[in-house]
Amino acid sequence: MTDSVYLDHNATTPMRPQAIAAMAEVMSAVGNASSVHVFGRAARAQLDRARASVAALVGAQTADVVFSGGGTEANNAVLQGAHRRRVIVSAIEHDSVRLASSDAETVPVTPDGVIDLEALSRMLAASGEPALVCVMLANNETGVIQPVAEVARIAHAAQALVHCDAVQAAGRIAIDMAALDVDYLTVSAHKLGGPQGVGAVVLRPAMPVAASQRGGGQERGRRAGTENVAGIAGFGVAAKIAVEDLPTAAALAALRDKMEHDLAQVAPDAHIFGGRTSRLPNTSCVAMPGVAATTQLMALDLAGIAVSAGSACSSGKVKPSHVLAAMGANEIETASALRISLGWTTAADHVGRFVGAWSDLYRRLSPASRPATVAA
Amino acid sequence: MNAINGLRRNDQPIYLDYQATTPMDPRVLDAMMPYFTTKFGNPHSRSHSYGWEAEEAVEKSRAQIGKLIGADEKEVIFTSGATESNNLAIKGVAHFYKERKNHIVTLVTEHKCVLDTCRHLEQEGFEVTYLPVQQNGLVDLERLREAITDKTVLVSIMAVNNEIGVIQPLKEIGALCREKKVFFHTDAAQAVGKIPLDVEEMNIDLMSISGHKIYGPKGIGALYVRRKPRIRLVALIDGGGQERGFRSGTLPTPLCVGLGEACEIAMKEMGAEAARLQTLRDRFLNSIQAKLPDIYVNGDLAQRIPGNLNISFAYVEGESLMMGIKSLSVSSGSACTSASLEPSYVLRALGVEEELAHTSLRIGFGRFTTEQEVDTAAEDIARHVSRLRQMSPLWEMVQEGVDLKSIQWAAH
């Protein structure tokens, strides 16, 4: 698949070679990080190093990083730990937040895909019950960045706690947990060049979190189970490189912006979701009205281009995106939207090939590109 | 103390802690590597070949795991490890069936994550019976039969104990559970790939599997969940609905591949490897018994995986022994509780006196253990035990013929 173009970095990002090398080294050694012998201590040192790198990724203290088996587990851990609180989530949260609490209340978003802060204030004011507010830092389908610091200010004024799912944002934009002023922040390794199967909950200093898994008391009793030492080491290395690489985000954004500009030239009726607001540098969600996303995906796959129609998790079922629906998109737009997500392996000609293939498709299939008289 | 320095090796110590974790088999690592590099797709991506390729690898691995335990691939759910599998099996069943039944039976010698999960359920209002074990570490089937009531939903009994390596009578437990119409969960983290397991023959309804105990990677495990008749679970982790809704979250393709490959290798090599380990273990035990009086093997020696020994060296502190023998990596019990100096609750459950329990070492042999390592280990341990005993006033008293009646050593 060397010729193919991978533009689905929000589903998973190829691993950084340095992270692979670090993991290969750990996997060639032996050691349970809880063992007191030399092998165990070496494993423990790997964890400590990675913990420091992940803390630096989000501007937190090393001791406040709790590793997990991924972003979904991390989000579930936070929500299940808050089971006595009223849970308020934005309408565009990932399923691992939306569905982790059975009776969550939903805050609407604007047509641009940004959380409605006034609605949040009203909901918090409506009841004095202690709440947990969950707002992601950047949306996985549109890349729209949420005003999390504002959310935290409003929520804290109402004595609520704040959880921020930063899975898609981490490594793509700078994160300073102290400035965001959130109580819980969650990250995933495989969205930033680390391995699948590792994530973390990062806590405000001295913030309690209920153990999501019970057992041997690893992670200071906050998450039991033998630590995935190799995976965590890979996460640490990837986090470090992602931070070092943040200055290249502007170039990636320029590539994305040029792509959107080129698409708009070909297709004046193309719609960019969240295009008027602040987004991640790498993400674009584009509707080709009148052409089903599945049709576009098949054609693009034949052309060797990998993109997606939204979240990867929906286990095969083509269901309308709750994110786009929350933004007030109509069914035609929602059914014709593609997510294009760039990353550290993306070159200018990859984007060029996508624009070419997408444009061909548009000219062939889009109702808007064909004069009505051709219908005969 | 110069004697210790004289024994120090410059190279790595000998690894004899295979129940804590195992080194990865290089063949497993080889199988995994392409899925870190070129085949990096998200296995849940349905719109391109990167995703399909990853999914295919995950499904192949699921079949490899199923085959090793006589299960259908559809009955295998990936988790982040055996701790999660145990949490999911026990909490999942308890929560799903709580309207009808609220009682769980388990053993006092289970792994901490099973016991801790059960204690948590007790706080929620469930009832749990923690059955004692016999002096050899095995469950008393009659007591088990008596413990099961019409409120019992689940029996959770480990296949192989992590500290003493004893194999529970799974087939008999399974038959009893089937007769009583109770679900049978077994934590098989230490058993899979070490002894033959068959979920049909043993009537096992749920089985927890670990990657890193069978020469696979850390951070991956599996839970076997019977489909006929169907076992229902409440998920611990919600989200994208992966793993048929039992366990949301992106599957780590390379880790899944690693677990599958580890199972495939175990399937092929289990028989020969068990015979080899048995020989090594006998060699070690014979050697150490010839060199040292007053040592006791904890747990049944016959009903035991070949790669485990747990020995009490009377009159010698296990911790000082462990710290003294820098040339060996062994443990005084479960890795999870290594940092604590409490005597092992498993040994205490066998009736081993606290003092004797403190003198115990868990010695684990595995795929990469050599005859030479075993010989060196036996010599080093014997030398250190003799030296420490020379410094022990208790040992001195015993040698002088003083009857230490106040200490009741358990017989083995």
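**Loops, helix pairs and strands in chains A and B**

Y215(B) lies in the loop between β7 and β8 of chain B; helices and strands are DSSP runs, with H or I over at least four residues for a helix and E over at least two for a strand, numbered from the N terminus. The model is a predicted one, in which local features need pLDDT of at least 70 and side-chain atom pairs count only at pLDDT 80 or more, while totals for chains, interfaces and linings use all residues. Residues are numbered from 1 along each chain as its sequence is written, and chains are lettered from A and ligands numbered from 1 in the order in which they are written.

Back to that loop. Y215(B) is not a glycine, yet its phi is positive, near 70°. Y215(B) is also buried, with 28 other C-beta atoms within 10 Å. Here a residue is buried if 20 or more other C-beta atoms lie within 10 Å of its own, exposed if 12 or fewer, and partly exposed in between, with C-beta atoms placed from the backbone. N203(B), likewise not a glycine, has a positive phi of about 55°. It sits in the loop between β6 (183-187) and β7 (206-210) of chain B. With 19 other C-beta atoms within 10 Å, N203(B) comes out as partly exposed.

Two prolines of chain B also deserve a look. The peptide bond from K228(B) to P229(B) is cis, with omega near -10°, and P229(B) belongs to the loop between β8 (221-225) and α8 of chain B. P393(B), on the other hand, is part of helix α13 (residues 393-399) of chain B. This proline is exposed, with 8 other C-beta atoms within 10 Å. Its C-alpha atom is 8.8 Å from that of Y315(B), although 78 residues separate the two along the chain.

Chain B also holds an open sheet of 3 strands in the order β9-β10-β12, with antiparallel pairing; two strands pair if DSSP finds at least two bridges between them. The edges are taken by β9 (295-297) and β12 (360-364) of chain B, each with a single partner strand, so one side of each has no neighbour in the sheet. From one strand to the next, the twist averages 25°. Strand β10 (residues 308-313) of chain B is joined to β12(B) by 5 bridges, and the two run antiparallel. Within this pair, L309(B) has I363(B) of β12(B) as its bridge partner.

Over in chain A, strand β2 (residues 65-68) is covered on both faces: V65(A) and F67(A) on one side are buried, as are V66(A) and S68(A) on the other. In a regular strand the side chains alternate between the two faces of the sheet. β2(A) pairs with strand β8 (residues 199-203) of chain A in the antiparallel sense, over 4 bridges. Opposite F67(A) in β8(A) stands A200(A).

Now for the helix pairs of chain A. Helix α2 (residues 38-58) and helix α8 (residues 229-244) of chain A pack at an angle of about 35°, their axes 8 Å apart. Axes are lines fitted to C-alpha atoms, for helices over the stretch in contact, and angles run from 0 to 180 degrees between N-to-C directions. α2(A) passes α8(A) in a left-handed crossing, meaning that the near helix is turned anticlockwise from the far one by less than a right angle; clockwise would make it right-handed. Residues on the α2(A) side include A43(A), Q46(A), L47(A) and R49(A), and among those they meet in α8(A) are V229(A), I232(A) and F235(A). Two residues count as in contact if their C-beta atoms, placed from the backbone, lie within 7 Å. The residues of this contact divide into 13 nonpolar, 3 polar and 2 charged; Ala, Val, Leu, Ile, Met, Phe, Trp, Tyr, Cys and Pro count as nonpolar, Asp, Glu, Lys and Arg as charged, and the others, Gly among them, as polar.

The axes of helix α5 (residues 117-125) and helix α6 (residues 148-157) of chain A come within 10 Å and cross at roughly 20°. That makes α5(A) roughly parallel to α6(A), a label for angles under 35 degrees, with over 145 counted as roughly antiparallel, 65 to 115 as roughly perpendicular and the rest as oblique. The crossing of α5(A) past α6(A) is right-handed. L117(A), L120(A), S121(A) and L124(A) of α5(A) meet E150(A), V151(A), I154(A) and A155(A) of α6(A), a set of 6 nonpolar, 1 polar and 1 charged residues.

Finally, the two chains meet through 58 residues from chain B and 62 residues from chain A. On the chain B side, α2 (26-36), α3 (49-69), α4 (82-96), α5 (112-123) and α8 (253-291) each supply at least two residues. α5(B) gives the most, with 5 residues. The side of chain B that touches chain A divides into 20 nonpolar, 31 polar and 7 charged residues.
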